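These are my notes on side-chain contacts, taken with the sequence and the model side by side. I set out to look up ring contacts and charged pairs.

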Amino acid sequence: MMHTTTQELDRLFKAQKAAFGRNMMPTLDERLDRLRRLEAAMVRNRKGFQETLAADFGSHSPMVTDLFETGGVLGRNRYIQTQLAEWMQPSERPLNAYVHGQSSARVIRQPKGVIGNLAPWNFPIECALVMVNDMLAAGNRVIVKASEQTEATSTLLRQAIAEAFDESELAVVCGEDIAFAEYFCTLPWDHLAYTGGSKIGRNVLRLAAERLTPVTLELGGKNPTVFSESGVSADLVERFLYNRVFKGGQVCTSPDYAFVPAHRLDEWIALAKSTWSAMYPSYVGHPDATGTINRRHYDRILGYLSEAEAAGCTVISLNGDTPDPERLQIPMYLVIGPGEALGVMTDEIFGPVTAVKPYTSLDEAVDYINGHDRPLAAYFVGRERDLADVFQTSVIAGGIGINVFGLQGAEPVLPFGGIGASGMGCHSGYEGFIGFTHSKSVFECADDSPLMAALKGPYGAMTQAFADAVFPPS
């Protein structure tokens with residue numbers, strides 16, 4: 001990988017700032033052209049991205065690449081293209097004619113300027129570019145810092161974008177180390193976005209604060225799943241498992257731990273074993289299996305299992321598979337009833353290991369979830385409509401999935417973002433467009449404005465009448 005220097009980053013940043021200064025309000029056609037070029041770049045490099053992701057992860061299904069890496073970028077891109085003309089329109093706001101006469105008020109959707117986007121390794125295409133759709137649609141210029149941990153994909157990503165865009169519109173940079181990432185955060189961006197872990201997220205926020213740079217942080221967290229009585233069924237347990245293992249569990253919206261009704265815990269475990277074994281009699285080595293990104297993370301995940309076993313927890317490999325240190329593949333594991341101090345309960349696992357906690361009432365589960373850091377996602381599994389309604393209104397989380405995992409964060413019509421420890425700001429949907437837009441108020445005063453007449457000095461009876469109108473008669 002050819003690394004970008006800080007001097008080259010400075011040059012790119014200045015070039016984008018100058019270009020934005022020459023065109024601070026791109027037209028609809030200009031924005032659509034940029035979106036279509038991004039769309040074409042994803043289509044043109046379909047096979048290449050399949051190959052680079054397989055190289056970076058050791059194993060990575062091309063169908064997962066198509067659907068959730070390049071496909072995630074394409075889905076949002078195409079949706080935005082259908083909505084952008086409406087989103088860009090000024091929003092007229094009604095005024096009280098008795099106060100303002102024929103004055104008018106509106107909100108103009110104005111681009112912010114030059115935006116930086118720090119991409120993570122787990123979705124090195126999707127997370128690098130899916131927000132770029134929102135940013136370009138809002139009329140901004142963008143520099144993406146690709147992950148240095150996915151060398152092959154980041155190299156192709158930079159090449160693909162350079163072929164489709166002038167560097168003054170959109171560019172990808174590849175830093176060598178954490179020092180480059182920190183320098184990236186210190187530039188005077190008009191907005192800065194980061195996707196990744198909370199530890200680095202805090203540093204991003206700290207560095208951005210020096211320049212009062214607004215930030216969007218998508219930080220993940222420990223995402224709970226609550227199974228109701230009806231949720232303990234073969235089809236729903238299976239749905240949980242194949243979503244849990246998606247991309248090797250290396251997904252910010254992946255379910256992290258599960259609550260199961262205490263009196264049905266054994267039944268739930270039996271269903272998990274039987275349904276998983278039917279899907280994958282041998283998962284390690286299967287073409288669907290995604291490798292762990294590197295040996296450090298592989299060892300970290302297995303360390304949680306060793307710690308839990310040492311603490312006396314029941315640890316179950318659902319089909320008897322064992323981890324493969326050559327492929328860096330880990331089978332599906334359950335850790336039953338872990339203590340709160342264990343790593344499976346304190347850390348975001350980011351791997352195919354699920355802590356399972358028995359519970360006796362929905363209130364108990366909800367109180368536990370709300371008593372901990374706000375998760376990026378929370379999931380309810382079951383057919384009881386009343387319980388699902390209570391869950392979605394009672395649990396504080398970035399988003400809620402009911403009998404689904406992750407689609408609340410992947411569907412282009414919905415906003416996606418965290419709350420509290422799981423992030424700030426959002427992208428996707430109309431709210432994502434607004435998040436990377438400055439909503440600028442414009443008030444145009446008419447000559448017949450009674451309020452303007454009342455404010456004219458020296459103050460007199462009309463001014464007093466307006467002042468008295470603010471308060472109810474005594």
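Which residue lies over the face of Phe 123? I found Lys 247 there, at 4.1 Å from the ring centre. I record here that the model is predicted.

**Entry: aromatic pairs**

I looked up the ring contacts next and noted 22 aromatic pairs in the structure. One of them joins Phe 259 and Tyr 359, whose ring centres are 5.9 Å apart. Their planes stand at 80°, so I entered the pair as edge-to-face, the class for angles over 60 degrees. I then located the two partners: Phe 259 belongs to strand β9 (residues 257-261) and Tyr 359 to strand β12 (residues 353-359), so this contact ties together parts that are 100 residues apart in sequence.

Are these two rings buried or exposed? Phe 259 has a relative accessible area of 2% and is buried. Tyr 359 also counts as buried, at 8% relative accessibility.

I also noted a cluster linked by ring pairs, made up of Phe 227, Phe 240, Trp 268, Tyr 379 and Phe 405.

**Entry: salt bridges**

I turned to the charged side chains and recorded 21 salt bridges in the structure. Among them is the bridge between Glu 169 and Arg 37, with an N to O distance of 2.8 Å. Glu 169 sits in the loop between α7 (151-164) and β5 (170-174), while Arg 37 is in helix α2 (residues 28-44), so the bridge ties together parts that are 132 residues apart in sequence. The relative accessible area of Glu 169 is 12%, and I therefore list this residue as buried, the limit being under 20%.

A further bridge joins Asp 66 to Arg 46 at 2.7 Å, N to O. Here helix α4 (residues 62-87) supplies Asp 66 and helix α3 (residues 46-57) supplies Arg 46, so the parts tied together are 20 residues apart in sequence. Arg 46 is partly exposed, with a relative accessible area of 42%.

I also looked up Glu 444 and Arg 106, whose side chains meet in a salt bridge at 3.6 Å, N to O. This pair links distant parts of the chain, 338 residues apart: Glu 444 in strand β16 (residues 437-444) and Arg 106 in strand β2 (residues 104-111). Glu 444 counts as partly exposed at 48% relative accessibility, whereas Arg 106 is buried at 19%.

Which residues do salt bridges with shared partners join into one network? I noted Asp 33, Arg 34, Arg 37 and Glu 169.

Conventions: Residues numbered from 1 in each chain as written. Predicted model: local features only at pLDDT ≥ 70, side-chain atom pairs only at ≥ 80, totals over all residues. Heavy atoms only, no water. Phe/Tyr/Trp six-rings, centres within 6.5 Å; stacked < 30°, edge-to-face > 60°. Helix = DSSP H or I, 4+ residues; strand = E, 2+ residues; numbered from the N terminus. Buried < 20%, exposed > 50% of the residue type's maximum accessible area, 1.4 Å probe, protein only. Lys NZ or Arg CZ within 6 Å of the ring centre and 35° of its normal. Salt bridge = Lys/Arg side-chain N within 4 Å of Asp/Glu carboxyl O.
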